[in-house]
Amino acid sequence: ISNTSRSGSRSQLIILPRIGYGLNFNNGYGIITGGSISYGKITGGKFGTDLMYLITSKKHTMGLTGFYERTLLQYITLRGGASYLKTGELINIGGTVGAGLSFSVGNIFIIQPMAEVNFGSIQNNIMGVNFNMGFEL
């Protein structure tokens with residue numbers, strides 16, 4: 001495993017599918033699926049879009065996010081942005097914050113465990129712990 005700063009001077013396209021466990025404060029807990037696509041430099045930050053889908057026993061919650069992500073101290077990843085959230089018929093625009101660790105495995109594979117919160121309202125939100133694994137081009 002190597003740190004993600006090894007290729008900090010070149011721009012990268014990064015694709016990370018996700019699986020995890022999450023919570024909607026009003027509708028309960030369940031499985032999270034989705035993924036993100038981002039582009040940028042490790043040292044200068046990356047811009048991207050993210051889809052998070054929480055499957056619960058009540059109403060499912062979908063979050064679509066535009067984000068800025070920055071890696072600090074070689075491994076720590078911080079993320080912030082704006083999100084569109086939909087739970088049943090309820091729709092909100094809100095914010096998102098996240099933090100995690102990012103590790104490169106070999107030349108193209110990335111492992112990125114992360115905790116994220118997408119918040120639109122008390123009834124419309126996603127809080128989750130995710131395991132992202134994908135590749136960089």
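Student: Is Asn-27 buried or exposed?

Tutor: Asn-27 is buried in this predicted model. Its relative accessible area is 9%, and buried means under 20%.

Student: Where does Asn-27 sit?

Tutor: Asn-27 is in the loop between strand S2 (12–24) and strand S3 (28–41).

Student: And what is Asn-27 in contact with, leaving aside neighbours within four places in sequence?

Tutor: Thr-56, Lys-58, Lys-59, Thr-87 and Gln-123 are in contact with Asn-27, with those neighbours left aside.

Student: Switching loops. What is the phi of Leu-73?

Tutor: The phi of Leu-73 is near 50°. That is a positive value in a residue other than glycine.

Student: Where is Leu-73?

Tutor: Leu-73 lies in the loop between strand S5 (61–72) and strand S6 (76–87). S5 and S6 form a hairpin with 3 residues between them.

Student: Buried or exposed, Leu-73?

Tutor: Leu-73 is exposed, at 71% relative accessibility.

Student: What about Gln-74, what is its phi?

Tutor: Gln-74 has a phi near 70°, again a positive value in a residue other than glycine. Gln-74 is in the loop between S5 and S6. Gln-74 is partly exposed, at 41% relative accessible area.

Student: How many bridges join S5 to S6?

Tutor: There are 12 bridges, and the two strands run antiparallel. One position to look at is Gly-63, which stands opposite Leu-85 in S6.

Student: What pairs with S5 besides S6? Start with S4.

Tutor: Strand S4 (residues 45–56) pairs with S5 in the antiparallel sense, over 9 bridges. Gly-48 has Phe-67 in S5 as its bridge partner. A hairpin of 4 residues joins S4 to S5.

Student: Which residues are on the covered face of S5?

Tutor: Thr-61, Gly-63, Thr-65, Phe-67, Glu-69 and Thr-71. The uncovered face has Met-62, Leu-64, Gly-66, Tyr-68, Arg-70 and Leu-72. In a regular strand the side chains alternate between the two faces of the sheet.

Student: Glu-69 is on that covered face. What salt bridges does Glu-69 form? Take Lys-46 to begin with.

Tutor: Glu-69 forms a salt bridge with Lys-46, and the closest N and O atoms are 3.2 Å apart. Glu-69 is in strand S5 and Lys-46 in strand S4, 23 residues apart. Both residues are buried.

Student: And with Arg-79, how far apart are the closest N and O atoms?

Tutor: They are 2.7 Å apart in the salt bridge of Glu-69 with Arg-79. This pair links strand S5 to strand S6, across 10 residues of sequence. Arg-79 is buried, and so is Glu-69.

Student: Which residues make up the network?

Tutor: Arg-18, Lys-46, Asp-50, Glu-69, Arg-79 and Glu-116 are joined into one network by salt bridges that share partners.

Student: How many salt bridges in the whole structure?

Tutor: The search finds 6.

Student: What does Arg-18 form a salt bridge with?

Tutor: Its partner is Glu-116, with the closest N and O atoms 2.8 Å apart. Arg-18 lies in strand S2 and Glu-116 in strand S9, so the pair ties together parts that are 98 residues apart in sequence. Arg-18 is buried at 5% relative accessibility. Glu-116 is buried as well, at 2%.

Student: On to S6 and S7. How do they pair?

Tutor: S6 and strand S7 (residues 90–101) pair in the antiparallel sense over 12 bridges. Tyr-84 has Ile-93 in S7 as its bridge partner. Their hairpin has 2 residues between the strands, and Gly-88 takes a positive phi near 60° there.

Student: What about S7 and S9?

Tutor: S7 pairs with strand S9 (residues 109–119), antiparallel, over 6 bridges. The partner of Val-97 in S9 is Val-117.

Student: Which residues make up the largest nonpolar core?

Tutor: Ile-32, Met-52, Leu-54, Leu-85 and Ile-126, 5 residues in all. In soluble globular proteins, nonpolar side chains tend to be buried together.

Student: What is Leu-85 in contact with, near neighbours in sequence aside?

Tutor: With neighbours within four places left aside, the contacts of Leu-85 include Met-62, Gly-63, Phe-119 and Ile-126.

Student: Last one. Which residues make the nonpolar surface patch?

Tutor: Leu-13, Ile-37, Tyr-39, Val-105, Ile-108, Phe-109, Phe-135 and Leu-137 make a patch of about 690 Å². Leu-137 is in the segment after strand S10 (125–136). Leu-137 is exposed, at 52% relative accessibility.

Notes
Residues numbered from 1 in each chain as written. Predicted model: local features only at pLDDT ≥ 70, side-chain atom pairs only at ≥ 80, totals over all residues. Heavy atoms only, no water. Buried < 20%, exposed > 50% of the residue type's maximum accessible area, 1.4 Å probe, protein only. Contact = heavy atoms within 4.5 Å. Core = buried A, V, L, I, M, F, W, Y, C linked by side-chain atoms within 4.5 Å. Patch = residues over 30% accessible without salt bridge, like charges linked within 9 Å, V, L, I, M, F, W, Y side chains within 5 Å. Areas by Shrake-Rupley, 256 points an atom, 1.4 Å probe, with all protein chains shown as cover. Salt bridge = Lys/Arg side-chain N within 4 Å of Asp/Glu carboxyl O. Pairing = 2+ DSSP bridges.
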